[in-house]
Each structure stands twice: as C-alpha cells, then as structure tokens.
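Me: I'm new to this one and would like a close look at a single part of it. Please start there and then work outwards in plain language.

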Amino acid sequence: MNRLPGDAENAHSSSVESCPSLRDVHSINPTQLMARIESYEGREKKGISDVRRTFCLFVTFDLLFVTLLWIIELNVKGGIETTLEKEVLQYDYSSSYFDIFLLAVFRFKVLILAYAMCRLRHWWAIAFTTAVTSAFLLAKVIISQLFSQGAFGYVLPIISFILAWIETWFLDFKVLPQEAEEENRFLIAQDASERAALLHPGVLSDGQFYSPPESVAGSDEDSEEKQDSEKPVV
C-alpha cells in the first residue's frame, strides 16, 4: 500500500514526459511538409543536382585547361602544324605531350558518362580514372625526358595530377554526401507528411458541414404550456 504514492508519481512523471512528444507530433504543419516534399521532387525532376552539375563543369574545365596548355606548348615549340605532326604522327613517349591530352580526354569521357549520363552514386568510376592518371603520370615523369624540355615539362604533368585529385576530393566529400543528405531529408519529410495526414485529416468539404435547425423564438414557452395542458385536472 505504501507503493501507491510512488506509483502515482511515476505515472504522473511519465505522462508529463509524454506530453512534449505529443505536442511535437501535433505541431507538424502538413502544408510546410508538402511544400518541402514538392521542392525535393522538383529537384529530382531536374535530373541532376546542383552540386553534381558543378562537378561536371569542373571535369569540363579539366579537359579545356589541359587542352589550352597543350596548344600553348605546341606554339612555343615552333608552330602548331609542325609540332602537332611531330607529337601525334611521330609520337614518342619520352618527349610528347599528346598522351597527357589523351589522358584528360579519357577522364572527361569516363566521368561525364558515369556521373552525368548514368548518374552513378558511387566512387568507383573516379577512383579508376584517378588511379590510371596517377600511375601514367608517375611512369611518364620517371621514364620520359620531359624535364629537359622547359617549363611545360613540369606544368602539364603537375596540373593533370592536381586536377585529377581535386575531382576525386570534390566527388567524395561534396557531391555524394550532399546528395545522400538531401535524399535522407526527403524520406524524413515524406514519412512526417504521412504521419501528419493521419493526425490532421483533410478539411471537411462544404457538403459535409451541417447546421442544426434554428430554434424558434418562444419555443420554450410553448413546450411549457403544452406540458401544463396535458396535466390532469384535479
């Protein structure tokens, strides 16, 4: 019998603790949730997220920048036509920069195909391109004679190496985590909207409203007179 006050206090405390959660549930605004879900669905309809579009633009910049540096290198060596014939038609691994340009084209095609057209959400494609780029550039720097050809012997390999790793960092630390976070927010908002729909049913239509018949003035007095008339006379 002495436990009853303690049990009552525990029940009261548990009911008090449950009140905030109930208030949180009833404080859900279905209109805001639907607006948020529509915004997420609008992003999905666009086909590609903003951060992924930025990544694809950077991949394009990688190709264009390496191409620009290669064209400048062709001009520095004595004219585009003569040097282009020497580096492409008479390709020499130890002295040509044409393979570094092809490496940039390879990264562009693989990454755009994987992350723009196929919209992959995994890092394996960029890991493959970065590994191939790093291995090729390291082997070329060690075996070739690029350093004896002036500043471009340093610039092109270093720029290609840095751009490849920046692309890897941007995809792994920006694109994929942000898209996963947005997807989780969409699922949470969708789940909350379903709960809110159960807790807050739709507004009744005009046909479902009804008003009770208006009472006629003096109806109470009529009912009293009727009751008096029905009483038996002694």
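What is the relative accessibility of arginine 119, and what does it count as?

Reply: Before the close-up, note that this is a predicted model, in which local features need pLDDT of at least 70 and side-chain atom pairs count only at pLDDT 80 or more, while totals for chains, interfaces and linings use all residues. Residues are numbered from 1 along each chain as its sequence is written, and side-chain values use heavy atoms, with hydrogens and water left out.

Now to your residue. Arginine 119 has a relative accessibility of 46%, so it counts as partly exposed (buried is under 20% relative accessible area, exposed is over 50%, and partly exposed lies in between, with a 1.4 Å probe and protein chains only). You'll find arginine 119 in the loop between helix H5, residues 98–117, and H6 (helices are DSSP runs of H or I with at least four residues, strands are runs of E with at least two, and both are numbered from the N terminus). The backbone has a quirk here: phi of arginine 119 is near 55 degrees, which is positive although the residue isn't a glycine. Most residues other than glycine have a negative phi.

Let's zoom out a little. The chain has eight helices and zero strands, so from the N terminus on you just read α-α-α-α-α-α-α-α. Of the 234 residues in the chain, 27% are buried.

Past that loop comes H6, residues 124–143, and threonine 130 sits in it. With a relative accessible area of 4%, threonine 130 is buried. Follow the chain 33 residues from threonine 130 and you get to leucine 163, yet their C-alpha atoms are 9.5 Å apart in space. Tryptophan 165 belongs to helix H7, residues 152–199, and is partly exposed at a relative accessible area of 45%.

On the other side of the loop is H5, where a salt bridge comes in (a side-chain nitrogen of Lys or Arg within 4 Å of a carboxyl oxygen of Asp or Glu). By this rule the count comes to six salt bridges. One of them joins the side chains of arginine 107 and aspartate 62, at 2.9 Å from N to O. Arginine 107 is in helix H5 and aspartate 62 in helix H3, so this pair ties together parts 45 residues apart in sequence. Both ends are tucked away: arginine 107 is buried at a relative accessible area of 0%, and aspartate 62 counts as buried at 1%.

H3 also has a salt bridge of its own, between the side chains of arginine 53 and aspartate 50, at 2.8 Å from N to O. Those two are three residues apart within H3, about one turn of the helix. Here arginine 53 counts as partly exposed at 35% relative accessibility, and aspartate 50 is partly exposed at 47%. A further salt bridge links the side chains of glutamate 181 and arginine 185, at 2.7 Å from N to O. That pair lies in H7, four residues apart, again about one turn of the helix.

One last stop is lysine 77, in the loop between H3 and H4. Lysine 77 is partly exposed, with a relative accessible area of 38%. Its C-alpha atom is 9.5 Å from that of glutamine 149, though the two are 72 residues apart along the chain.
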